Amino acid sequence: MASHPKDVVITDEHPKTLLLQKHADYIIGYSKKKEDYEYTMTEHFRMSGIYWGISAVDLLDQLGKMDSTEIVTFVKKCHDPTTGGFAPSIGHDAHLLYTLSAIQILSILDAMEEVDVEAVVEFIVGLQNEDGSFCGDMWGEVDTRFSFCAVASLALLRRLDAVNIDKAIEFVMKCQNVDGGFGTRPGSESHAGQIYCCLGFLSITGQLHRVNGDLLGWWLCERQLPSGGLNGRPEKLPDVCYSWWVLASLTMLGRLHWINANKMRVFIMATQDPETGGFTDRPGDMVDLYHTLFGLAGLSLLGESGLKQINPVFCMPQYVLDRLSLSVQIMSI
């Protein structure tokens with residue numbers, strides 16, 4: 001198969017079917033290897049790692065094999081009573097990214113009663129700036145990722161009314177570019193990950209009508225390379241994580257059918273490790289929890305059998321959102 005200069009080659013040696021049990025074993029085994037180098041070196045984003053792991057294993061319908069009591073206990077220990085937010089690990093500073101991950105974990109495990117809602121809401125409210133943007137933490141970095149994390153967290157807590165939504169929408173729309181995409185801040189380059197965050201934000205706040213679905217849908221579809229894989233912006237290699245960022249965005253836009261789903265599936269399957277289980281960024285690299293979740297999540301969006309349905313906005317199994325009676329806005333053509 002011919003390849004693009006910024007692409008990979010898929011061969012007959014790569015997996016072609018979903019290795020369901022291999023992936024479940026990899027995730028469950030990872031959580032028990034607390035002395036391993038990889039586990040130790042990921043402490044600074046442990047909360048998100050747990051979210052990736054339990055979301056993936058839940059999509060595989062094997063959540064019952066995880067120690068939910070241990071997980072909930074860890075999440076509670078990461079709550080910072082001073083700020084009200086959640087840290088990535090015990091003894092670290094609270095941050096919006098890990099606050100959302102913590103709320104997602106507790107939502108999936110049906111343990112929302114363990115959340116000090118008012119403290120978390122106060123933390124999020126305190127991070128909104130006058131222009132409507134959000135900082136990630138006390139140090140002041142502004143990014144549209146944090147706008148998404150703020151409204152997604154508040155939606156799960158049913159407290160969207162706590163922040164200035166109109167100002168927040170105004171800021172996100174200032175981050176849209178002439179190509180239809182979104183960047184981290186006004187004037188920043190369009191990127192598939194930021195597009196997902198901004199569309200997710202607009203879906204939660206009921207403002208998807210502000211987006212030109214055809215223009216942005218075309219930009220997203222152009223991310224597909226001859227291998228079937230997707231990149232995050234022009235002239236970059238494909239990465240299985242964009243199986244989520246791009247496909248979820250197209251789903252929100254009502255244009256998932258614009259992608260070549262068969263070629264997409266071939267690429268995602270090729271990123272599996274048939275020996276250890278787990279997914280890599282691209283064929284031949286090392287597996288990790290991050291790419292494992294987003295490989296499975298992309299396949300779920302494509303309707304792969306053996307996987308639970310995933311919600312395109314919250315990246316959580318759909319049944320969890322149904323249980324919480326939370327709905328999202330999806331654009332129609």
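This text goes through a predicted model, from the overall fold to one buried helix and then to a patch on the surface.

The secondary structure of the chain consists of 14 helices and zero strands. Read from the N terminus, every element in the run is therefore α: α-α-α-α-α-α-α-α-α-α-α-α-α-α. Taken along the principal axes, the box filled by the C-alpha atoms is roughly 55 × 50 × 35 Å. The radius of gyration is 19 Å, which agrees with the value near 20 Å that a compact globule of 333 residues would have.

Burial and contacts fill in this picture. Of the 333 residues, 59% count as buried. Among contacts with a separation of 6 or more, 69% are between residues 24 or more positions apart. The chain exposes about 14,000 Å², and 51% of that area is supplied by carbon and sulfur atoms.

In soluble globular proteins, nonpolar side chains tend to be buried together. Here the largest nonpolar core has 117 residues. The members that touch the most other members are Phe182, Trp244 and Phe314.

Trp244 leads to helix H11, since it is listed among the buried residues of that helix. H11 spans residues 242-252 and is mostly covered, with eleven of its eleven residues buried. The buried residues include the aromatic Tyr242, Trp244 and Trp245, and also Ser243, Ser249 and Thr251. An α-helix has 3.6 residues a turn, so residues three or four places apart point the same way. The buried residues of H11 pack against four helices: H9 (192-204), H10 (213-221), H12 and H13 (289-301).

The contacts of Trp244 can be followed residue by residue. Leaving aside residues up to four places away in sequence, Trp244 touches Tyr196, Ser249, Phe294, Ala297, Gly298, Leu301, Ile310, Asn311, Pro312 and Cys315.

Beyond the end of H11 the chain enters a loop. Just after the helix, Gly254 takes a positive phi of about 70°. Trp258 is found in the loop between H11 and helix H12 (261-270). Is Trp258 buried, exposed or partly exposed? Its relative accessibility is 34%, so Trp258 counts as partly exposed, the class between under 20% for buried and over 50% for exposed.

Trp258 also belongs to a nonpolar patch on the surface, which it forms with Trp218 and Ile333. Together these three residues have about 380 Å² of accessible area. Two tryptophans thus mark the two settings described here: Trp244 is buried in H11, whereas Trp258 is partly exposed.

Note on methods
Residues numbered from 1 in each chain as written. Predicted model: local features only at pLDDT ≥ 70, side-chain atom pairs only at ≥ 80, totals over all residues. Heavy atoms only, no water. Patch = residues over 30% accessible without salt bridge, like charges linked within 9 Å, V, L, I, M, F, W, Y side chains within 5 Å. Areas by Shrake-Rupley, 256 points an atom, 1.4 Å probe, with all protein chains shown as cover. Salt bridge = Lys/Arg side-chain N within 4 Å of Asp/Glu carboxyl O. Buried < 20%, exposed > 50% of the residue type's maximum accessible area, 1.4 Å probe, protein only. Core = buried A, V, L, I, M, F, W, Y, C linked by side-chain atoms within 4.5 Å. Contact = heavy atoms within 4.5 Å. Rg over C-alpha atoms; globule rule 2.2 N^0.38 Å.
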